[in-house]
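Okay, thanks for coming, everyone. Let me put the structure up and then walk you through a few spots.

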Amino acid sequence: MAALGDAVLTTAGKGRSTGARDADPITTEVVRHGLNSAANQIKRALIRTSFSPVIYEVLDFAAVVYDRHFRMLAQAPSLPAFMGTMSFCIEAAVERVGGVEALDPGDILLINDPYASGSHPQDAAMVMPVFLPDATLIGYTAIKGHWLDIGALAPYCTNTKDVYQEGVVFPGVKLFARGELVRDIYRMILANTRMPMHVAGDVNAEVVGLRTGAAALVRLVERFGLTRFDEAVERMYDHGEAVVRATIERIPDGRYVGRGSMDSDGLTDDPVPFEVTVEIDGSTARLDFTNAPPATAGPVNCPLPMTMSAARVVFTFLAGGGESPNEGHFRPIEIVTRPGSMFHPQPPSPCYLFGWSATQAADAALRALGEAVPELVPADSAGDICALVWWGRRERTGEFWGDGSAFPSGQGAGSRGDGGSSQIHFMEAATRIAPAEVWEAKNPWVFERIELAPDSGGAGKHRGGLGVDLFFETIEDAWCTSTLERTKSPGLGLLGGGAGRPNSGTVRYPDGRREPIAKVTGQAIPRGAVYELRTGGGGGWGAPAERDPSAVHADVREGYVSEERARSDYPHAFA
């Protein structure tokens, strides 16, 4: 193995509990909901004005409000995976334009450097400093949204060898200065995309969203005054911290190891195994990623901000109490990484598929905790967002088109019941797929099949959720990048539960040939061919012999489980 740097400890949340008990609790709740409303106003404005289905249908973005100390005040429900990256995006963007002193009212910053933002360059972050009328800086609004194309090897990639092949990088620049568009930067954006109309439309929509959220934040601060607002925010953070610490304290102190493996690094077919260790000490949780391989040659490396995000998402998923997240929820979490490794790569390591390794890391962390507190942790999901990205030129007009989406799969069962069927992985839980009618109206394909897949969930006292069969028939020549992961390792059960089916993809050509497909960039899908996507099922929880016979018969009656499979997995229900 290549030599790696010394381990680095990073805290997930800024600041410590302040004991801010003087803040009025009613005011604190009004402020908290006002901040969540501001974040949701960013989201709604963006959805209503964006050009690309990946934004207004899929919700592949994050919309956040931060305070002037780079701490999360609120994030709208959209893409959880970006949650832990936004502080890095905002702080790096500000630093790289010259620091807080270089900011002016009306500025909007742009950054998509993967090592600072945690994502591939297509996930561009735009940041707006927010000022009161007297020019006092009070915080930031920010959006990280997926631009359809930013000039990489292809509109979506699985085979990049360094970051320079992954798209044009904006290291932290002003897109707007004192409210005026910096036209040279804007022209560079449009010069480096195959779909300038869509990207321009989405950039403008993000500007609308940022300004909408900024106005809402100013109104909130002016309503209470900056001092009362700050007091309420500190109490809000303290409460979020207490909620998460209370759940962590339920986990026995100890060191728990979760193992995972990437199917491949995108360049070869060799698996990439790794470990995530979870250490519990009282009310503090530490996720240790140091036992990871060196940065891979292919693009499954996960930059530090995204590794941090995986840790944040896991513990807000388990311990957030269903509340909207804020910086306080992250304070009990620490992570340890090794620079130069897959979970802390250094330039110019490729990292286009950063989210795929982050997803596997999150699953491995849950697997580790399942050893300690199986009543709190679900069995494995299918472990992937099963994303496909399509593009081509329309036959009639010659116009370049592109679209893409994550796809739902089966989720793991838990102590409280069966796993969810046809749901997006929890790392992207608030995203969604577009209606079939929208896809067929906009893109040159029709759906041959969209249906739940019987028998795809793992057996158990509580059954794993079902995967989905989605078959796309192209009516014009097209190209597709397929990013399928966990095709070799199905979602495992917990406490004796069975495994779900793994993810898989197959291209069925017009001449009858069939070709398995997993990670591939720019696969030709000719007119009349069918891409058969079969997303995986979740693992079961508990021994199948403990499943209520009435639930077994209901599964058969509803078509979730075939009678043959039910008789095999649950013979006690037919005795």
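**Thr307 and the open sheet**

So, Thr307 is buried, at a relative accessible area of 1%; buried here means under 20%, exposed over 50%, and partly exposed in between, with a 1.4 Å probe and protein chains only. Before I go on: this is a predicted model, where local features need pLDDT of at least 70, side-chain atom pairs count only at pLDDT 80 or more, and totals for chains, interfaces and linings use all residues. Residues are numbered from 1 along each chain as its sequence is written, and side-chain values use heavy atoms, with hydrogens and water left out.

Back to Thr307, which sits in helix 8, residues 304-319. Helices (H or I, at least four residues) and strands (E, at least two) are DSSP runs, numbered from the N terminus. Leaving out residues up to four places away in sequence, Thr307 touches Phe289, Cys302, Ile335, Thr337 and Phe343, with contact meaning heavy atoms within 4.5 Å. With Phe343, the Thr307 side chain reaches the backbone oxygen at 2.8 Å.

Now the sheet. It's an open one with 5 strands, ordered 15-16-21-18-19, and the pairing is antiparallel; two strands pair if DSSP finds at least two bridges between them. Which strands stand at the edges? Strand 15 (445-452) and strand 19 (514-517), each with a single partner strand, so one side of each has no neighbour in the sheet. Further in, strands 16 (residues 468-474) and 21 (residues 530-534) run antiparallel and are joined by 5 bridges. There, Glu473 stands opposite Val530 of strand 21.

Definitions and conventions:
A polar contact is a pair of N or O atoms within 3.5 Å; within protein, one must be able to donate a hydrogen and the other to accept it, and residues adjacent in sequence count only if both atoms are side-chain atoms.
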